[in-house]
Amino acid sequence: MKQQPGPTTEAPEAQAPAEASSTTLEQKRVVNTEIPGPRSRELHEHRKANVPNGFGITLPVFMEAADGGILRDVDGNQLIDMASGIAVTSVGANHPAVVAAIKAQADKFTHTCFMVTEYELFPKVCERLNAIAPGEHEKRTALFTTGAEAIENAVKIARSFTGRSEVIVFDHAYHGRTLFTLGMTAKEAPYKTGFAPFPEHIHRAPYAYPLHWRTGAENAASEALAAFEALIQRIGPDKVAAAVLEPIQGEGGFIVPADGFMAGVREITKKYGIVMVADEVQAGMGRTGKMLAIEHEGVIPDLVCTAKALAGGMPLSAVTGRADIMEVVGAGGLGGTYAGNPLACAAALAVLDELEKDDTLLARARRIEEIIRQELQPLVSQQGVVAEVRGRGAMMALEICHPGTNEPDAPTTKEIASACHAQGVVVLTCGTHSNVLRLLPPLVIEDELLIDGLRVIAEAIQGVS
Ligand code: PLZ
């Protein structure tokens, strides 16, 4: 066991391979201690004495450096990052161009508040997002700080535009932790426990979840759409302001909707003058192999919410959409002290440059899907616990069920995740029934490291099967 001096000490590390210019940590898994190691355990005790228990923790390990596909902890272990801080560090956690952009802007100024005096970075980010969002129509973008804030503002804008009050969301949806977005979020524990009452005027429709559709996957899209339209009829079409949905559901279980479902939602919302809002907070910004996940569906939503990977870890979110909708809110109706913070905007411009450079990173996302399917698809069997491998690009998941059934198996999922953690692979779980193992590696992870991580996962699964 190797005791490291502490989190503030700069430990020089193995040299980066010459060709990988951004890499400062050797891209290799290293497990020197038990995980968590002694120093992490010590720091975790300090945390417990100071931070409320309400902040959950996947893996109580403290990090001192992150780079490429590696997270290095304070005990000198190098863990493989299959989480990207929940789909945030897609270009890597210390991309040189992003770091340089943040430093350069910090030298100039850290804040003016865009509602007080202006700076060019803000509209520059908006211009880029206006070009990225699908559709040839004129667009506007409003910047905020968190994903939840973007969703809340999308709802405010849709209400303002339609003059209607009601909002439709879907089963398994996750939209945030603020009170309104918590009302929109489906899963009860741990998110909603003890926090009721939730805001009214939120209605829930089924999401076309192929694996669990009661009458069979082939009926998921048509029956879910019929239920959606019936719900609109029950509420009254002239009362529904917005339908908000994730093009691939994230926290709910990495659910890729049945073919035709998104297109159907588009058609129905158009028919009733309902604003369609795509929540791309988790799936967006290159994660799925396209800039936005909705592009896989060929659908043009009215509003698109982005956050997470947009600014490579700096807090920034956006609502992008049809100019006629976005311009309805009067001056002063939108904002926030930190909305579109200059450091975050500088980071976002650097991230967007990286994501738009020759399709390299988007192609990486698609390659990551190929590798994951190649390594993990063979685990799907009637006798095993892996019911399905699904997802798009670098947003992939395994649904864990009791063998030969579609019954969610949360304890086994937890056991697999723990086994991966012990071997130095940071995986996350998700799903309404906590039975989905999700993989969100940074897009810059090297093949060899990814494969090492996937083999650890495969072994962990074989260990419980
Ligand atoms: N919409 C689709 O995935 C955030 C939540 C982590 P914020 N998902 C990670 C946690 O347990 O708090 C998310 C999302 C989708 C909205 C959000 C909310 O984004 O930036 O966390 O507010």
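**Entry 1: the ligand shell**

I started with the residues of the shell around the ligand, which divide into four nonpolar, five polar and five charged. My key for the classes: Ala, Val, Leu, Ile, Met, Phe, Trp, Tyr, Cys and Pro count as nonpolar, Asp, Glu, Lys and Arg as charged, and the others, Gly among them, as polar.

A note to myself on the source: this is a predicted model, where local features need pLDDT of at least 70 and side-chain atom pairs count only at pLDDT 80 or more, while totals for chains, interfaces and linings use all residues. Residues are numbered from 1 along each chain as its sequence is written, and side-chain values use heavy atoms, with hydrogens and water left out.

Which residues come nearest to the ligand? I found Gly 147, Ala 148, Arg 177, Asp 279 and Gln 282, out of the 14 around the ligand. A residue is near if one of its heavy atoms lies within 4 Å of the molecule.

**Entry 2: polar contacts**

Next I looked up polar contacts, meaning pairs of N or O atoms within 3.5 Å. Gly 147 has a backbone N or O atom 2.8 Å from an oxygen atom of the ligand. Tyr 174 brings a polar side-chain atom to 3.3 Å from a ligand oxygen atom. For Lys 308, a polar side-chain atom lies 3.2 Å from a nitrogen atom of the ligand. Taken alone, the ligand exposes 510 Å², and the protein buries 82% of that. These accessible areas come from the Shrake-Rupley method with a 1.4 Å probe.

**Entry 3: a sheet and its helix**

I then followed an open sheet of four strands, in the order S11-S12-S15-S14, with antiparallel pairing. Strands (E, at least two residues) and helices (H or I, at least four) are DSSP runs, numbered from the N terminus; two strands pair if DSSP finds at least two bridges between them.

Which strands are at the edges? They are S11 (386–392) and S14 (428–430), each pairing on one side only. From one strand to the next, the twist averages 30°. S12 (residues 395–400) and S15 (residues 436–439) share four bridges, and Leu 398 has Leu 437 in S15 as its bridge partner.

Helix H12 (residues 410–422) lies across S12, S14 and S15, at about 35° to S15. Contact here means heavy atoms within 4.5 Å, and angles run from 0 to 180 degrees between N-to-C directions of axes fitted to C-alpha atoms, for helices over the stretch in contact.

**Entry 4: backbone oddments**

I noted a cis peptide bond joining Ile 35 and Pro 36, with omega about 0°. Pro 36 sits in the segment before helix H1 (38–48).

Note on methods. Polar contact = N/O pair within 3.5 Å; in protein donor to acceptor, adjacent residues only side chain to side chain.
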